[in-house]
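Dear colleague,

I am passing on a structure that I would like you to look through before we next talk. Please open it first, and then read the notes below beside it.

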Amino acid sequence: MSSIVQGFSKSLAMTILSEIGDKTFFAAAILAMRHPRRLVLSGCLSALIVMTILSALVGWAAPNLISRTWTHHITTFLFLGFGLWSLKDAIFEQGDAEELAEVEAKLDKDWKASNGATKNSNKDDDATKKHKRSFLSQFFSPIFLQAFSITFFGEWGDKSQLATIGLAADENPFGVVLGGILGQALCTSAAVVGGKSLASQISEKIVALSGGILFIVFGIQSFLSPVES
């Protein structure tokens, strides 16, 4: 098992380059323009922290289910594959403005739908509305729950989640969690504070190119490093 510092540094660099310009980054920026920033930040960051911890736990458990040699080779394959994937996105994908517009359009649709439901529910009396509310909404703000759910399900199955699993299988999982949480906090805070103006200025192609190179470097390093018993 590698050192905490190595796992921390790899996870921090990978998370920042994976999350900046991601759809969840854009979603946090747009939500922060419409709702209180503290609720958006807490909801998005809570989802990302939960996702990071779950991913690291899966990666930590993997060598106990299959041999460490196989997990090492799978991790190497994931890093190289994600590196090529990111480079492909940087070269062939459309402009950044289109993805930002896509995320904004989806949030607009959800916002109008929720507003329509709210107007209809206003016709009911307070006791009926309280009875109809979900269990979680009685304890958490609807804005917090919206930010949490959009971020959590947006990250589910994303390459950053899979890369975290692979990294935790090959590096110190505690360092991976710390680096991942710090990286998520930095990116999400920047999105919430900077808002849409910051998101629109980020070149997703440059970020994807940098992330692709970083993944390939990690893959080559993993390929050349011996398998620890």
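When the directions of two helices are compared, angles under 35 degrees count as roughly parallel and angles over 145 as roughly antiparallel, while 65 to 115 is called roughly perpendicular and the rest oblique. Please keep in mind that this is a predicted model.

With that in hand, consider helix α1 (residues 4-19) and helix α8 (residues 159-170), whose axes come within 10 Å and cross at roughly 170 degrees, so α1 and α8 are roughly antiparallel to each other. In this contact Gly 7, Lys 10, Ser 11, Met 14, Ser 18 and Glu 19 of α1 meet Ser 160, Ala 163, Thr 164 and Leu 167 of α8, and by class these residues are 3 nonpolar, 5 polar and 2 charged.

Helix α8 also packs against helix α3 (residues 37-65), at an angle of about 45 degrees and with the axes 7 Å apart, so α3 and α8 are oblique to each other; their crossing is right-handed. Among the residues that meet here are Met 51, Trp 60 and Pro 63 in α3, and Gln 161, Ile 165 and Ala 169 in α8. The contact of α3 with α8 divides into 8 nonpolar, 5 polar and no charged residues.

Finally, an unreviewed UniProt entry places the feature "transmembrane region" at several stretches, including residues 69-87 and 206-224. In the model, residues 69-87 are 100% helix, with their end C-alpha atoms 27 Å apart, and residues 206-224 are likewise 100% helix, with end C-alpha atoms 27 Å apart.

Best wishes

Notes:
Residues are numbered from 1 along each chain as its sequence is written. This is a predicted model: local features need pLDDT of at least 70, side-chain atom pairs count only at pLDDT 80 or more; totals for chains, interfaces and linings use all residues. Side-chain values use heavy atoms; hydrogens and water are left out. Axes are lines fitted to C-alpha atoms, for helices over the stretch in contact, and angles run from 0 to 180 degrees between N-to-C directions. Helices (H or I, at least four residues) and strands (E, at least two) are DSSP runs, numbered from the N terminus. A crossing is left-handed if the near helix is turned anticlockwise from the far one by less than a right angle, and right-handed if clockwise. Contact means heavy atoms within 4.5 Å. Ala, Val, Leu, Ile, Met, Phe, Trp, Tyr, Cys and Pro count as nonpolar, Asp, Glu, Lys and Arg as charged, and the others, Gly among them, as polar. UniProt positions are given in the numbering used here, feature names are shortened, and annotations may be inferred rather than shown by experiment.
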